[in-house]
Amino acid sequence: MIENRTVLAIIPARGGSKGVPRKNIRELCGKPLIAWSIEEAKKSKYIDQIIVSTDDEEIAAVARQWGADIPFMRPVELAQDHTPGIDPVLHALKMLPQYEYIVLLQPTSPLRSTDDIDACLEQCVEQKVDSCVSVTLTDKSPYWMYNLSENSSLIPVINTEKPILRRQDAPDVFVLNGAVYVARSTWLQQTGSFLQDKTIGYPMPKDRSIDIDTALDFLLVEILLHEKNKSGQEK
């Protein structure tokens, strides 16, 4: 609980991932990918229950093994390629309506820490807003992005009075990193989205913001985790 308000963590993990088959239970440095999110959620000061929403019995078994609850199986119609990501969350809220705050943790963000989870939740509650989502600085500034006209002329995506030519002169621009989504349950059910006009952002460093979508992402995260373990052993 946080300030006497109950908190449910939802980890969505359908069985039919296309980019990397069986991605959610693929081994990453000795543990299934989904286990990294479950373990960090278990260390939270505030989360009262951790559930995995899945349509897949094997994923459910792995999630239970690592300490998550599977109070229901996700309906097949909510586990399709075209299913909006918010639908399994809203389904979980209908099944477990007693919680006041929801924390959505996508299993494809294994580098996100417990501190990130708790700080995002704290920021949402302390600032008395309905939702807070994690963000990170973008690698490529939209101030240097262009559309091409029919005759191949460059049309700035963001118009400024004077061109911004130096990186240090460009304003900081943040992008969603997909690691932590927090919202008041009743508000989320009403709006159907974590992102509204008054949603606030919780900044995370790039080295904890990698979202695994491809086999190359897996390789990159494995390298980062090996380097982290190596530096920890050398201390």
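These questions and answers walk through a predicted model, from its sheet to its core.

Residues count from 1 along each chain as its sequence is written, and side-chain values use heavy atoms, without hydrogens or water. In this predicted model, local features need pLDDT of at least 70 and side-chain atom pairs pLDDT 80 or more, while totals for chains, interfaces and linings use all residues.

Student: Which strands stand at the edges of the open sheet, each with a single partner strand?
Tutor: Strands (E) are DSSP runs of at least two residues, and helices (H or I) of at least four, numbered from the N terminus. Two strands pair if DSSP finds at least two bridges between them. The six strands run in the order S4-S1-S5-S9-S6-S10, with mixed pairing. One side of each edge strand has no neighbour in the sheet, because each has a single partner: these are S4 (49-53) and S10 (200-203).

Student: Which residue in S5 stands opposite valine 7?
Tutor: Look at S1 (residues 7-12) and S5 (residues 101-104). They pair in the parallel sense over four bridges. Opposite valine 7 in S5 stands tyrosine 101.

Student: Which residues of S10 point to one face and are buried?
Tutor: In a regular strand the side chains alternate between the two faces of the sheet. Buried means under 20% relative accessible area, exposed over 50%, and partly exposed in between (1.4 Å probe, protein chains only). Along S10, Gly201 and Pro203 point to the other face and are not buried. The buried pair is Ile200 and Tyr202.

Student: Which residue stands opposite glycine 201 in S10?
Tutor: S6 and S10 run parallel, joined by four bridges. The residue opposite glycine 201 is valine 133.

Student: What span does H4 reach from its first C-alpha to its last?
Tutor: H4 covers residues 114-126, which is 13 residues. The expected span is 1.5 Å times one less than the number of residues. For H4 the expected value is 18 Å, and the helix comes close to it, reaching 18 Å.

Student: Which element gives the most to the largest nonpolar core?
Tutor: A nonpolar core is a set of buried Ala, Val, Leu, Ile, Met, Phe, Trp, Tyr and Cys residues joined through side-chain atoms within 4.5 Å. The largest has 35 residues, and Leu121 is among those touching the most other members. Suppliers of at least two residues include S1, S5 and S9. The top giver, with five residues, is H4.

Student: Is leucine 105 buried or exposed?
Tutor: Leucine 105 lies in the loop between S5 and H4. Contact means heavy atoms within 4.5 Å. Leucine 105 touches residues including Ala9, Ala41, Ile117 and Val180. With a relative accessible area of 0%, leucine 105 is buried.

Student: Which backbone oxygen does the side chain of serine 209 reach?
Tutor: Serine 209 sits in the loop between S10 and helix H6 (215-234). Serine 209 is buried, with a relative accessible area of 11%. A polar contact is a pair of N or O atoms within 3.5 Å; within protein, one must be able to donate a hydrogen and the other to accept it, and residues adjacent in sequence count only if both atoms are side-chain atoms. At 2.7 Å, the side chain of serine 209 reaches the backbone oxygen of proline 205.

Definitions and conventions. Lists of a residue's contacts leave out its neighbours within four places in sequence.
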